[in-house]
Amino acid sequence: MKLINKFILIYLVVTVIVLGIGGYISFFVIKGELDNELKWRFMDRIDRVTYLLEKGKDFKSEKLKGSGDRNLIIQQLPQKVAPETVIKDTMVWHDRLQQMEPNLKVSAYRTVEDTSYFISTYGALVETDDITEAVIQILLWILGLQVIGAIGVGFIVSGRLFKPFRETLARIKRFNIQDREPILAKETSVEEFNDLNRFVEEMTRKAVKDYKNLKEFAENASHELQTPLSITKGKLELLTETDLTPEQYQYVEASQRSIKKLSRLSESLALLTKIENHEFTNKDKVNVTNLIRESTQAFEEFIKLNGLQVETDLEEEVFLQIHPVLADIMWTNLFQNAIKHNIENGRIRITLANDRLEISNTGKPLDMDTNVLFKRFKKADHGVDSIGLGLSIIEQIVDQNNYAISYDYEDGWHTINVRFHPESV
Amino acid sequence: MKLLIIEDNEDLLQNIRTYLKREGYICEFARDYRVAFDKVMSYTYDVVLIDIMIPGGSGLQVLRELKSVNPQTGTIIISAKNALDDKVKGLELGADDYITKPFQLPELHARIKAVNRRNQRDGREIINVNEIAINTDTMEVTVNGTAVDLTPKEYDLILYFASNKNHVLSKQTIAEHLWGDYVDHLTNLDFVYQHIKNLRKKLEKAGAQNYIESVYGIGYKFKVNNRP
């Protein structure tokens, strides 16, 4: 939900609550006022009747003639009663509406020249329903205006006021650490936005600097390692040129192999770092069908030497948007894995479709937790002279391209499945 | 052949010099940018080996300057970085080859020879080892004038041997030369033996001597007594 929508929603929820409470209060205030008004009018009337009685007016006759108020009752009492005023609500039958209506009745006892009178008057109260209706109507109008106002203000706020914020957001989205360009703060008239922009600038500057350092470190570490390895390798080669016993030769050969492994390890780690540093983001259209076809040809000799049989089921013209080097590394690693962890006279099955790549090979079941298969240095086959980074590299590439990878073992077949559009499944 | 080795690491320099000296090459060396610059500007070399990271500047800069004065000089970049962009940049600047540390001395030697061959345009594309002649232009091998039908891998192998005569070449070295990094994924190097056996058979059938000598079952040596 957009910030502005959320803001409007909260504003409207609060408005509805406030209007509800306000309506409730309004109802009682209005009702109270109206009732009071009626009460005061009746009291006034009683006072007037009392006044007229004091003046000696005879209500009886007039009352009988019906010229007066039908709702006014004046009764002369046989004994003297202390003056008292009683106000109460009653229900009175309404002829025209044919129903009981709430009425206010004011009764008073008054003594005029030693004669006590009972004066009572009543009249219809304004109905509660009517007040409620009026209040609700008013509140709906107010609510309507509030909604229009809130949306109007929302548009202005999101359009004008939040413009610098949205710009900053867009620049953060566009930010690519490989460009090594920090997001420079732009001056705005809002202090909070200035703070944000300055913070973003500082942060991206630091990120760019750290990235540079990391990249340099990874490269330097690889470089620094390769030179001494190179020297050792050369020295061992020179050593083989001297007179050595077969035993000594074997030692030299073993050292050579270890050096080779060390060198590969450092290269693979450097590669992994590079992928993690997002150094391969320039995507290109890669024809995976051709890639697989060509590399299976390049590996043909090894396949034959290992006595393997390769079955392929490739869909024609499968294209992926991926860095060409990454596509190559991913495939080569997958394929080499299938060769390396195979059995004598084993088989490899490759299936390529528009949305997935599946490579299966015959092999012994893994004696390890397959959940950590893609972790670094997790080797399923300790006997094989591998460094345990191949699958990590594959996973890193898969991750970076938003593919999904899974591993399965069934009936002597290891299967690795890469889905190119996992979100659409 | 006159070589210039631009390399700041003393041990590495010694390795290369020791290996190449036996071939009777004249090896000069430069340990930093300034010396390297002076040398490439003042003298001409057949092949220059350039390490990218050298004190005082970049090997790529030396390459650029060398190519501006002596474009015909063969150049090989030695780099610790297996970085594609460095490789591309180096080759774009006119380097003839690119070798990544840690390299093998026989491999470096084979490449120096190949680069030198390419740059000599006076009919020296034929390498003679007594009765064997290797035409690097047409990729044909003849023994006493009779053509020998070799597979591409076997051709690579004989060329590699001829480039590293009288050196012990281990199975690992040979495998890496023929198959590059693919070798990493093979535990068994017996297939090297298969290729050598086939090559030996073909050469002997064509009437050549058996120059390929097994060394303690560890590696092989292309033994030629009288150098041409």
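Which residues does Ile394(A) touch, not counting residues up to four places away in sequence? Select Ile394(A) in this predicted model. Its partners, with that exclusion, are Met330(A), Asn333(A), Leu334(A) and Ile405(A).

Next, widen the selection to the largest nonpolar core, which has 37 residues. Ala327(A), Leu334(A) and Ile394(A) are the members that touch the most others. To trace this core, colour the following elements of chain A, each of which supplies at least two residues: helices H6, H7 (288-298), H9 and H10 (390-400), together with strands E7 (319-322), E8 (347-352), E9 (356-362) and E11 (413-419). H9(A) gives the most, with eight residues.

Apart from this core lies another, of 32 residues. Select Ile5(B), Leu49(B), Ile77(B) and Leu105(B), which are among its members.

Now turn to the place where the two chains meet. Here 33 residues of chain A are in contact with 28 residues of chain B. On the side of chain A that touches chain B, two or more residues come from each of helices H5 (191-240), H6 (246-276), H8 (300-305) and H9 (324-340). H5(A) provides the largest share, 14 residues. By type, the residues on this side of chain A divide into 11 nonpolar, 11 polar and 11 charged.

Finally, select helix H7 of chain B, residues 171-179. Its buried residues are Thr173(B), Ile174(B), Glu176(B), His177(B) and Trp179(B). Show also helices H5 (105-119), H6 (152-163) and H8 (190-205) and strands E12 (168-170) and E14 (219-222) of chain B, which are included in what covers those buried residues. Just after H7(B), stop at Gly180(B), where phi is positive, at about 60°.

Terms used
Residues are numbered from 1 along each chain as its sequence is written. Chains are lettered from A and ligands numbered from 1 in the order in which they are written. This is a predicted model: local features need pLDDT of at least 70, side-chain atom pairs count only at pLDDT 80 or more; totals for chains, interfaces and linings use all residues. Two residues are in contact if their C-beta atoms, placed from the backbone, lie within 7 Å. Helices (H or I, at least four residues) and strands (E, at least two) are DSSP runs, numbered from the N terminus. Ala, Val, Leu, Ile, Met, Phe, Trp, Tyr, Cys and Pro count as nonpolar, Asp, Glu, Lys and Arg as charged, and the others, Gly among them, as polar. A residue is buried if 20 or more other C-beta atoms lie within 10 Å of its own, exposed if 12 or fewer, and partly exposed in between; C-beta atoms are placed from the backbone. A nonpolar core is a set of buried Ala, Val, Leu, Ile, Met, Phe, Trp, Tyr and Cys residues joined through C-beta atoms within 7 Å.
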